[in-house]
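Visitor: Before we look, may I ask you to justify each term as you use it, setting the value against its definition?
Guide: Gladly; here is the model.

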Amino acid sequence: MDRLFDILTILAVVLIVVVLRSLRREHIRVEHSVSWLAAALTLLVLSRSHRLLQQAAAYIGLENEVAALILGILAVFLGVFYRFSRIVSGLKDMNITLTQRVAILEYKLHQQNEEQQAKP
Amino acid sequence: MNFQKTLLLIPAYNEEGAITRVVAEVRALYPDLGILVADDCSTDNTADLARAAGARVLSLPCHLGLGGCVQAGYKLAFGLGYETVIRIDGDGQHNPTDIPRLLAVLHQTGCEMVIGVRAKESGGLQTHFVRKIGIHFFRFILRPILGRTVSDPTSGFVAVNRRALAVFSRSFPLEYPEIETLVVLQRRQFSFEEVPCRMRQRIAGRSSITALKSVYYVIHVLLGVFVNILRFDGRSRKAPAKR
């Protein structure tokens with residue numbers, strides 16, 4: 001079981017490093033990195049704190065602390081995915097509105113140019 | 001027929017094989033009718049051909065899908081003060097000789113939308129088997145929601161008045177709009193009528209809804225219908241008197 005916790009710790013550290021590296025290279029924006037960093041830190045804390053996990057497992061009513069850990073990871077990442085779904089939906093709505101506005105503005109500009117050219 | 005304040009909207013995506021004939025046919029029949037082709041960022045020559053055939057073209061810089069493309073046309077028409085917009089497909093399936101009948105019903109009944117439907121008395125549902133199943137399924141689903149039967153809820157041959165334009169330019173289903181549009185209208189306590197039309201074979205290209213995509217279509221539209229019911233429930237009760 002210790003090996004599992006060690007692997008999770010390594011995964012959490014790798015996730016933090018990848019996110020920080022992406023931030024440095026501007027592949028990911030700061031406001032969008034917060035969810036991933038929070039998820040990675042939660043994973044790190046849970047994988048290193050057996051006592052906390054045991055308490056959480058007892059509170060939930062689980063006998064196995066690994067099950068509590070998996071439940072915790074699932075909850076955290078579901079939260080992250082939901083947050084990003086909302087962000088992506090908002091961005092898509094904005095993209096649609098902007099695309100339509102640009103098209104309408106270009107259309108009106110084109111019409112105005114044609115009218116001006118038609119004037120003697 | 002007087003087409004002042006009336007616009008014909010043709011949403012098009014990669015319709016270079018058909019758009020010239022569609023625009024030319026409408027122009028020959030109704031020279032006074034304004035034609036707007038909403039080009040959904042086609043990768044072929046749709047926009048240029050439509051322009052050459054005599055249509056005005058609204059070119060979207062990104063591909064939005066049918067709903068986003070139609071809504072862009074509705075927004076422009078609403079902003080320019082049009083009273084009526086007729087929408088036909090860019091593949092030649094809809095016969096423009098039916099346009100005056102749609103407009104006549106729209107004006108005579110005072111309803112907000114008229115749908116040109118593939119009706120039995122005018123040649124029946126001339127479509128593939130999977131789509132027929134989908135149409136029957138949605139007829140069944142929509143009947144209790146709308147309180148009436150719809151012959152062909154998937155038809156894209158529609159005429160709308162300014163009241164519907166005002167609503168659609170603010171809120172319009174984006175991916176597969178036809179069925180959800182009916183629910184949007186119903187939640188606003190708007191009404192619609194149907195006019196039987198004989199649909200033709202498409203001039204070129206294929207339907208974007210293949211047999212496999214039909215499954216996704218059904219799930220997507222079902223979800224959209226129920227989301228629309230929830231979304232507009234509060235507002236529909238506050239809707240102002242219609243006419």
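Visitor: What covers the buried residues of H4(A)?
Guide: The cover includes helix H2 (30-48) and helix H3 (50-60) of chain A, together with strand E3 (56-59) and helix H3 (66-79) of chain B, where a contact requires C-beta atoms, placed from the backbone, to lie within 7 Å. This is a predicted model, in which local features need pLDDT of at least 70 and side-chain atom pairs count only at pLDDT 80 or more, while totals for chains, interfaces and linings use all residues. Residues are numbered from 1 along each chain as its sequence is written, with chains lettered from A and ligands numbered from 1 in the order in which they are written.

Visitor: Which residues of H4(A) are called buried?
Guide: Among them are A:Glu65, A:Ala68, A:Leu69 and A:Gly72, as well as A:Ile96 and A:Ala103; the word applies when 20 or more other C-beta atoms lie within 10 Å of a residue's own, whereas 12 or fewer make it exposed and anything in between partly exposed.

Visitor: How do you know that the span of helix H4 of chain A agrees with its length?
Guide: A helix (a DSSP run of H or I, at least four residues, as a strand is a run of E, at least two, both numbered from the N terminus) is expected to span 1.5 Å times one less than its number of residues. For the 54 residues 65-118 of chain A that gives 80 Å, and because the end C-alpha atoms are 79 Å apart, the two values agree.

Visitor: Why is B:Ile203 called partly exposed?
Guide: B:Ile203 has 17 other C-beta atoms within 10 Å, and is therefore partly exposed. B:Ile203 sits in the loop between strand E7 (192-197) and helix H8 (211-237) of chain B, and, leaving aside residues up to four places away in sequence, touches B:Gly17, B:Ala18, B:Arg21, B:Asp91 and B:Gly92.

Visitor: What makes E3 and E7 of chain B edge strands?
Guide: The open sheet has seven strands in the order E3-E2-E1-E4-E6-E5-E7, with mixed pairing. E3 and E7 of chain B each pair on one side only, pairing being granted where DSSP finds at least two bridges between two strands.

Visitor: How do you know that strand E1 of chain B pairs with strand E4 of chain B?
Guide: Four bridges join E1 (residues 6-12) to E4 (residues 84-87) of chain B, and these strands run parallel; B:Leu8, for instance, has B:Ile86 in E4(B) as its bridge partner.

Conventions: Contact = placed C-beta atoms within 7 Å.
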